[in-house]
Structures are given as C-alpha cells and as structure tokens.
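Biologist: I'd like to learn how to read a protein model. Could you walk me through this one?

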Amino acid sequence: RQPPPAVCPPSLFSPDAMPSSRRPQHGRQAIRWRPCWVGRAAAAASAAGAAAFVATGTAAVAGPAAGQAGLKWTPLLTRTRAAACLRLTPRTGTPLEDLELRVDAVGSNVERDKVVLRLVAELRATRVSPRATALRRLLRRLRRFHEDPAVASLLRGGSRLIEAGRLPEAQAQLLEAAELDPACAEAWHLLATARFLQGEDEAALAAAQQALSLEPAHAETLEGMGGALMKMKDFDGAAVAFRAQREVSPASSEALTGELQAEALSFVRRADSVLAPLAPFASAIVVTASVLLSVVGAGDMGGGGSLEASAPWRTAWAEIEEVRMPSAVKGGADDVASVTRITRVTRTGASMDELARAADALASNGDRVELSSRLLDELGAAEQPERADGISRLLWRTWFFHEDAVVAAALQVGSQLMDQGDLQGAERSFMLAARLDPHYSEAWNRLATVHWLMGDLERSLIECDAVLELEPRHFGALSGRGLVLLDLGRWGEAAEAFREAQEVCPSSQNLQQDVAFAEALQREGAPKPP
C-alpha cells in the first residue's frame, strides 16, 4: 500500500537516498527504512497546527504592541509540527562514517533537508554523549550549507563574526542572508544568536520563532530560546523550550539542567499568590526551591556502586532563593528589586589524608563518580597551591580508575605507549577502552590527547567535547581544548576554554598564563598557524 504523498514522500524510500554502503541489492524487501504511517486527517491537523504557529509568530513580530504584550511562544504547536516532520524516520544507528559521507555528498537544499531529517532522527535515538556531540557537529555543518554561494558565504561569515564578538557586523550579514532566502532556518538561528548576545531579547526571540517555524527540531535554537525566555522571566515557556530540546537531543545535559532550573524558578514565582496575605506582616519574604540537578542511578554506577543522598559533601542540589519586599509580592512597586541566587550545597575543607583514603578505597565506577564530584568541589575551594596540586593528583588517580580490569589495563597500556612515542598503538588502546565503556570520560580524554599529538586537531576537539559532556568540570579536557583551539588559530575560543578551566582550578598559575597568552593573540589579531 502506497503512503499518502503529503505525508510520506516516495523519494525517501528510494535506495538512492541511502549511502552506497547500505544500499540494498535485492529490491525493496531489503530497504532498511521504517515508515510510520499516519492518516490524512492527522497530516491535515499537523499542517493546521504548523500554519497556526507561523501565523502566531508573524503576528507577534508585526504587532504594534509586541514590546508591551511580550512575544509569546506557542510551544505545543511547535512540538506538534516537529512530530509531524519526524513521523517518517529511517532506522537509526548508522555509523558516523556513513553519515559524514552523506553530508559531504549534499549538493542542493532539498538534499540538505533530507539529510537533516535523517541526522535529527539519529540524534533523537542517541543516548551516548560522544556520538551525540558528533551528530550535533554534523548537523551544524550541514545546516550552514546552501546551494546559493552568496547565502552560504554570508552564513559562514556571520558565524565567524559572532565567534569574534563583532555582533553588529554579524547581524547585518545574517539579515542579508535571511533576505536572500527567507526559508533558510540557519540564517534566522544565527541572527537570533547575534541579537541575544547584543541584549536584544525580544528581537532574538522573534528570529528564533521564525527559525523554529522553518525547522522545529532545531535543538540549538530551542536551547537559545530557553535562555532568552529565562532572561525575560518567562520560566514556564523556558521549561517547555528546554524540554523540547531534550526530546530532540536526549543526551544533552544542558537541556535537563535548564529545564530543572526553569521549573524551580517558575515555582518560586507561583508562590506569590500564597504569600500575598503575609505581606503586611513581613519586612521581607524569602522563597527557596531546591531541585536535584544530578543523580547517579544504580544502573549508571555499575556493580557494587553506592550513593548516599545524605552525604554532606555531595554536590547534588541547586537552591534558588528569591528575596522580595512585600510590595513586590502584592504586585506593585516596579522599582523594588528582587534577587535570585543559585547556589550549590556542598561542604569542603576535608583533610588530605581523608581524601587520599577515599581514593584508595575506590571499588566501583559509582565510587569514582562520587569521589570525582567531591574532589572537584575541594579543588574549587582550595586557596593554597600546594593543596590544589595534591587534590589534582588525587583527581587524576580517580579518573584513571575503572572497575573493569580490561578497560583499566587498556588505558594504562595506552598511556605507556603514548609516553614512548607509539601514538598509533596508544590510539588503538584508548579506542578499545572507549568502545568497552563509552561513558568513561578518561578514555575520551586520552584519545583527544593522542589525536592532538598526531595533528588531527578537529578529531581531538570533538573528543574534548565528548569528555566535557560526561564530566563538564574536567580541567584537563578544558585546558586541552584550549590548546587545540590555539593550534587552530581560534584565539577567542581558546581564551574562553582556559578561563573555564581556571574556574575549576582557580589557583593554577599555568592557566592564568594560558588565558593571558590567548587574550594577547586575540588582541593583536595574530594570523592563524599554517
């Protein structure tokens, strides 16, 4: 039975739409696509929802009172259209090499949109952070393709100008790209980014709405919209945006954290109606909402792991505290300030002997995760360089631990081979460790190091990002990422990476020097390395 043309384009079932390595050799029976049939009524309802979203977004942008009424996003309609676009998806799990070949072979906007649909389906099915990082990189590269060389040049130029901090010039170029092709979602996404960085929140939100009306499953736009709505104090809308981002990219820890923080702040706001009767009797009202930001479940810890939620040093909760004056609770006095603070509950200052005993007692991957979090907290609070150096050494011991003897041996052998200069042998050992446990951050960190030494900078950069997806405070990966970006001549991004590493390890003199060096190169406009 043939699918309705409006819902299921026959071209998607053509063997020519697949990579040559997976093209069937025995007719339609071997095609590895998995259609999801929908009726004409469902297709019509989805189309109506999409049209309503476009109409809503246009009215919000064009309305004379848009600044007063606020640009309201209609997330349910957006998600409805996203679901309609993704009903027909291929089987997932395609090797990254095949997907890269498909991206390289794109030669028109129609082909680009088909491959974007395929990559989004892969991203939705991915739960492993390194693969998700690689898929997002492919999506970013593919979305900046355009069959019109003028539009493609403007997109690349606008992106580089944003990275360089030249936001007005970037906005001018991206506006020109959007005028040349109003249906280019990436032009609107980048325009929203430039406007948001300039503080033009409502204009950024309008551009993001336009991008999502063209491509509803654009995870980066959903993340940017969530940030803009958080800044505009629309916490309910921000939570929905981050939730939609998490549906498109389930492996994104940023989406989960953003959603939880938005929901907590929304709770604080809703408490006004309850607290209003108390306003005449109080000089100030404090509302505190606690949200669990990170949980290590038994399935993630491996055998034998244990997590005590009551451990006093455990950094697991974010407390959002808002202090308001009574008039603000009652809805008046716009000039009354409210302060929102987000803090992490933790206790530091343990003796080095106690921390060393904890490192000696490691018995499972769950213990490693717990101790790593604790040591990173201690490192951030360390004021003396000697204590910071001791904690850093304990962290490396902790990160090198693995409960699987084969994985631990592969990492140890690879490190020895790398020290001896056998980079190919080290690469094979580290790759084995990463394949045996894709969630082991140190295996990816070692791979990033060996590929940097081999001169494969782009691959090293991807692996640094993979490490940071698994352990965002891995100062080795942060500083290593800065070194790779220096070799690529991306001075501003390198300085930012070194600054992030310095936030994790504030007492490091080397990181201070690295930041100063990268900032000097950026200031002087140094040419890129050959």
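Biologist: Where does UniProt place the feature "repeat: TPR"?

Modeller: The unreviewed UniProt entry puts "repeat: TPR" at residues 185-218, 441-474 and 475-508. Keep in mind that what you're looking at is a predicted model, and that such annotations may be inferred rather than shown by experiment.

Biologist: What is the make-up of residues 185-218, and how far apart are the end C-alpha atoms?

Modeller: That span is 79% helix and 0% strand, with its end C-alpha atoms 9 Å apart. Now look at residues 475-508: this part of the chain is 79% helix and 0% strand, and its end C-alpha atoms lie 11 Å apart.

Biologist: How many helices and strands does the protein chain have?

Modeller: There are 26 helices and 5 strands. The chain has 530 residues, and buried ones make up 48% of them. As for the outside, the chain exposes about 25500 Å², with carbon and sulfur atoms supplying 54% of that.

Biologist: And what can contacts tell me about the fold?

Modeller: You can ask how far apart in sequence the partners sit. Among contacts with a separation of 6 or more, 63% are between residues 24 or more positions apart.

Biologist: What span should helix H12 have?

Modeller: The expected span of a helix is 1.5 Å times one less than its number of residues. H12 (residues 235-248) has 14 residues, so it should span 20 Å, and its end C-alpha atoms are indeed 20 Å apart.

Biologist: How many of the residues of H12 are buried?

Modeller: Buried means under 20% relative accessible area. In H12, 10 of the 14 residues pass that test, so the helix is largely enclosed by the rest of the structure. Among them are Phe235, Phe242 and Val248, along with Ala238, Ala239 and Val240.

Biologist: What about the loop leading into it?

Modeller: Check lysine 233, in the loop between H11 and H12. Lysine 233 isn't a glycine, yet has a positive phi of about 70 degrees.

Biologist: Which helices do the buried residues of H25 pack against?

Modeller: They pack against helix H18 (365-381), H24 and helix H26 (509-524). The buried residues of H25 include Trp491, Phe498 and Val504. H25 itself covers residues 491-504 and reaches 20 Å from its first C-alpha to its last, close to the 20 Å expected.

Biologist: Next topic, please: how do I read a salt bridge?

Modeller: Here's the general idea: side chains of opposite charge can pair when their charged atoms come close. This structure holds 24 salt bridges. One of them joins the side chains of arginine 112 and aspartate 113, at 3.2 Å from N to O.

Biologist: Are arginine 112 and aspartate 113 buried or partly exposed?

Modeller: Arginine 112 counts as buried, because its relative accessibility is 9%. Aspartate 113 counts as partly exposed, at 44%.

Biologist: Which residue forms a salt bridge with aspartate 201?

Modeller: Lysine 231 does, with the closest N and O atoms 3.5 Å apart. This pair links distant parts of the chain: aspartate 201 belongs to helix H10 (residues 201-214) and lysine 231 to helix H11 (residues 219-231), 30 residues apart. Aspartate 201 is buried at 14% relative accessible area, while lysine 231 is partly exposed at 45%.

Biologist: And what is the salt-bridge partner of aspartate 465?

Modeller: Arginine 481, with the closest N and O atoms 2.8 Å apart. Here the link runs from helix H23 (residues 457-470), home of aspartate 465, to helix H24 (residues 475-487), home of arginine 481, and the two residues are 16 residues apart. Aspartate 465 counts as partly exposed, at 23% relative accessibility.

Biologist: Which residues is threonine 133 in contact with, leaving aside neighbours within four places in sequence?

Modeller: Aspartate 465 turns up again: threonine 133 touches Ile462, Asp465, Ala466 and Glu469. Threonine 133 sits in helix H6 (residues 129-143) and is buried, with 9% relative accessible area.

Biologist: Last one: which residues form a nonpolar patch on the surface?

Modeller: Val406, Leu432 and Leu436 do, with about 260 Å² of accessible area together. Take leucine 436 as your example: it lies in helix H21 (residues 423-436) and is partly exposed, with a relative accessible area of 45%.

Conventions:
Residues are numbered from 1 along each chain as its sequence is written. This is a predicted model: local features need pLDDT of at least 70, side-chain atom pairs count only at pLDDT 80 or more; totals for chains, interfaces and linings use all residues. Side-chain values use heavy atoms; hydrogens and water are left out. Helices (H or I, at least four residues) and strands (E, at least two) are DSSP runs, numbered from the N terminus. Buried means under 20% relative accessible area, exposed over 50%, partly exposed in between (1.4 Å probe, protein chains only). Patches are made of residues with over 30% relative accessible area and no salt bridge: like charges are joined within 9 Å, nonpolar side chains (Val, Leu, Ile, Met, Phe, Trp, Tyr) within 5 Å. Accessible areas come from the Shrake-Rupley method with a 1.4 Å probe; for residues, only the protein chains shown count as cover. A salt bridge is a side-chain nitrogen of Lys or Arg within 4 Å of a carboxyl oxygen of Asp or Glu. Contact means heavy atoms within 4.5 Å.
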